[in-house]
Amino acid sequence: MNELSVSRPNNLDAYWMPYSDNRYFKANPRMLARAEGMHYYTPEGKEILDGTAGLWCCNAGHGRREIKEAIQKQAAILDYAPTFQLGHPIAFEAASRIAEMTPEGMDKVFFTNSGSESADTALKIALAYHRARGESGRVRLIGRERGYHGVGFGGMSVGGIGGNRKQFGALLPYVDHLPHTHGLAENVFARGLPEHGAHLADALENLVALHGAETIAAVMVEPVAGSTGVLVPPVGYLERLREICTKHGILLIFDEVITGFGRLGTNFGAERLGVTPDIMTMAKGLTNAAVPMGAVAVRNAVYDAVVDGAPAGIELFHGYTYSGHPLAAAAAIATLELHRAEDLPGRARAIEPYWQEAAHSLRGLPNVIDIRDCGLIAGIELAPRPGKPTQRALDIFRRCFDEGVLVRVTGDIVALSPPLIIEKPHVDRLIGTLADAIRAEAA
Ligand SMILES: Cc1ncc(COP(=O)(O)O)c(C=O)c1O
C-alpha cells in the first residue's frame with residue numbers, strides 16, 4: 001500500500017471536521033476507507049451499502065474505472081494551468097459537454113469548485129447582469145425558508161435554514177425569503193409532486209409589492225429542496241414562480257446541486273419539472289465527486305448582457321484559482337460520458353416506481369409522520385423524541401450504519417439518495433434495514 005493512503009489514522013485530534021459533532025465522533029469514530037459500486041468499506045473491511053451516494057454526489061456509483069483513469073491520465077499531461085487570461089483545452093471541452101446537457105439556450109458555463117461557490121457565483125452573475133443592463137438598483141436577492149445553498153456568505157444569506165445562519169452575524173443585507181413549501185397537513189404521504197401549495201409562489205408578488213420589482217435581482221430556489229429534508233415542489237409551484245419572475249424582470253436561479261445529473265431521472269430538475277430558469281448551479285454529480293468541481297450555466301442572454309455590455313477588458317471580476325481545473329475537467333468529461341453511455345438518468349427513471357413503493361412501505365411504522373419522494377430521492381419524517389429534537393433520527397442513522405447501511409439524517413428526517421446504479425435487492429436491503437432501525441428506535 002502507498003504510504004500516503006492511511007486507512008487507520010492513530011490521531012484524530014487535528015482534523016476539525018465539517019458539519020460534525022466532533023466530540024462525539026472522536027469518541028465514537030465511524031470511518032469509510034474504501035468504496036466500490038454501491039458500497040463503502042470500513043477500515044476493518046465491513047461493507048456499508050451507500051443509501052446517500054456519499055453526500056448526494058456519487059451518482060454513477062463508486063470507484064468508476066473510467067473516471068479514475070481519466071484523472072490519472074490528465075494528471076500526467078497537465079497538472080494545473082491558470083484560466084485567468086489563459087486557457088487549457090480540457091476545460092473548454094468540459095464546458096461544451098455540460099452545455100449539451102443543459103436546457104436549450106443555456107449554453108454558457110462558468111466553473112467553480114463546489115456547490116457553495118456555484119451559489120455565490122450565480123448570485124454575483126445575477127447582480128452583474130442587472131448592472132450591465134443599467135438596472136443597478138436591482139440588488140435584492142430572494143431565497144426561500146428552508147433553502148440550502150451552501151455555506152458562502154451569499155448562499156448562506158439567501159438560504160433559509162436557521163441553524164446554518166445563527167452563528168454568523170448579520171449576513172448579507174437586502175435579502176428576503178419566500179415561505180417554504182412544506183405542507184405536512186395537506187400533503188401528508190403525497191407521492192411525487194404534492195397537489196397543494198402552488199399558491200405559495202404568489203408570496204413573490206407580495207415581496208415585489210413590498211420592495212418594488214426594480215430592487216429585486218434574483219430568486220434562488222432548489223427545484224427539490226434536499227438538505228432541509230426533501231421538500232418536493234407542489235404541482236404548479238415552479239411554473240408560477242417562473243411566471244412572476246418573468247413578469248417582473250427578476251432572474252430565476254435553480255440550485256441544481258442535488259437535482260442535476262440524473263437524480264430526478266433527467267439531466268437536470270428543470271427538465272423533469274418542466275420549468276427553465278435563467279441561471280442554474282451544479283456541482284456534486286458533475287464529477288461523480290471524484291474531484292471537487294461546480295459550475296454555473298446561464299442563459300445566453302445573461303452572458304451576452306454581461307460580456308457584450310462591458311467595456312474592453314475583463315468583463316466579470318470573478319473566478320477561482322481552480323476554476324476549470326484540469327483534473328476536475330477530466331473527471332467531469334469521463335462522468336458525463338458514463339451518464340450518456342449507461343443512460344444513468346434512464347436507469348433512475350426505470351427504478352423510480354420500485355423506489356417509490358419501497359419508500360412508502362415505511363408508512364405505518366412507529367413515529368413515521370410523512371414520506372416524500374421525487375426521482376431517486378426519498379425523505380422520511382419522524383416524530384421527534386419529546387424534548388430531544390433530532391435524537392431519534394441520529395440514533396436511527398447510527399443503528400443503520402452499524403447494520404451496514406448508510407443513510408443521511410437532517411433534523412428528524414431521514415433523507416435517501418442512492419447512486420443511480422442501485423438495483424432492486426439494494427433497495428430492499430436499504431429500506432429493510434431502515435425499517436428495522438425505525439422500529440428499534442420507537443421508544
Ligand atoms: C442545493 C445545494 N446547494 C449547494 C450545496 C453546497 O454544496 P457544497 O457543499 O459543495 O459547497 C449543497 C450541498 O449539499 C446543496 O444541496
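**Ligand shell.** I looked first at which element lines the ligand, and in this predicted model helix 5 (residues 115-132) gives the largest share of the shell, 3 residues. I then listed the residues that come nearest to the ligand, and of the 14 around it these are Ser114, Gly115, Ser116, Gly150 and Val257. Sorted by class, the shell holds 5 nonpolar, 7 polar and 2 charged residues.

**Sheet.** I traced an open sheet of 7 strands with mixed pairing, and I noted the order as 4-10-9-8-7-5-6. Strand 4 (108-112) and strand 6 (175-178) stand at the edges, and because each has a single partner strand, one side of each is left without a neighbour in the sheet. From one strand to the next I find a twist that averages 20 degrees. At one edge I checked the pairing of strand 4 with strand 10 (residues 294-298), which is antiparallel over 5 bridges, and there I found valine 109 opposite alanine 297 of strand 10. I also looked up helix 9 (residues 203-211), which packs on the sheet and touches strand 5 (140-144), strand 6 and strand 7 (216-221), with its direction at about 150 degrees to that of strand 6.

**Helix pair.** I turned to helix 3 (residues 65-77) and helix 13 (residues 326-341), whose axes lie 8 Å apart and make an angle of about 150 degrees, so that helix 3 is roughly antiparallel to helix 13. The crossing of helix 3 past helix 13 is right-handed. Among the residues that meet here I noted Ile67, Ala70 and Ile71 in helix 3, and Leu327, Ala330 and Ile333 in helix 13. By class, I recorded 11 nonpolar, 2 polar and 3 charged residues in this contact.

Technical notes:
Residues are numbered from 1 along each chain as its sequence is written. This is a predicted model: local features need pLDDT of at least 70, side-chain atom pairs count only at pLDDT 80 or more; totals for chains, interfaces and linings use all residues. Two strands pair if DSSP finds at least two bridges between them. Helices (H or I, at least four residues) and strands (E, at least two) are DSSP runs, numbered from the N terminus. Axes are lines fitted to C-alpha atoms, for helices over the stretch in contact, and angles run from 0 to 180 degrees between N-to-C directions. Two residues are in contact if their C-beta atoms, placed from the backbone, lie within 7 Å. A residue is near a molecule or strand if its C-beta atom, placed from the backbone, lies within 6 Å of it. Ala, Val, Leu, Ile, Met, Phe, Trp, Tyr, Cys and Pro count as nonpolar, Asp, Glu, Lys and Arg as charged, and the others, Gly among them, as polar. Angles under 35 degrees count as roughly parallel, over 145 as roughly antiparallel, 65 to 115 as roughly perpendicular and the rest as oblique. A crossing is left-handed if the near helix is turned anticlockwise from the far one by less than a right angle, and right-handed if clockwise.
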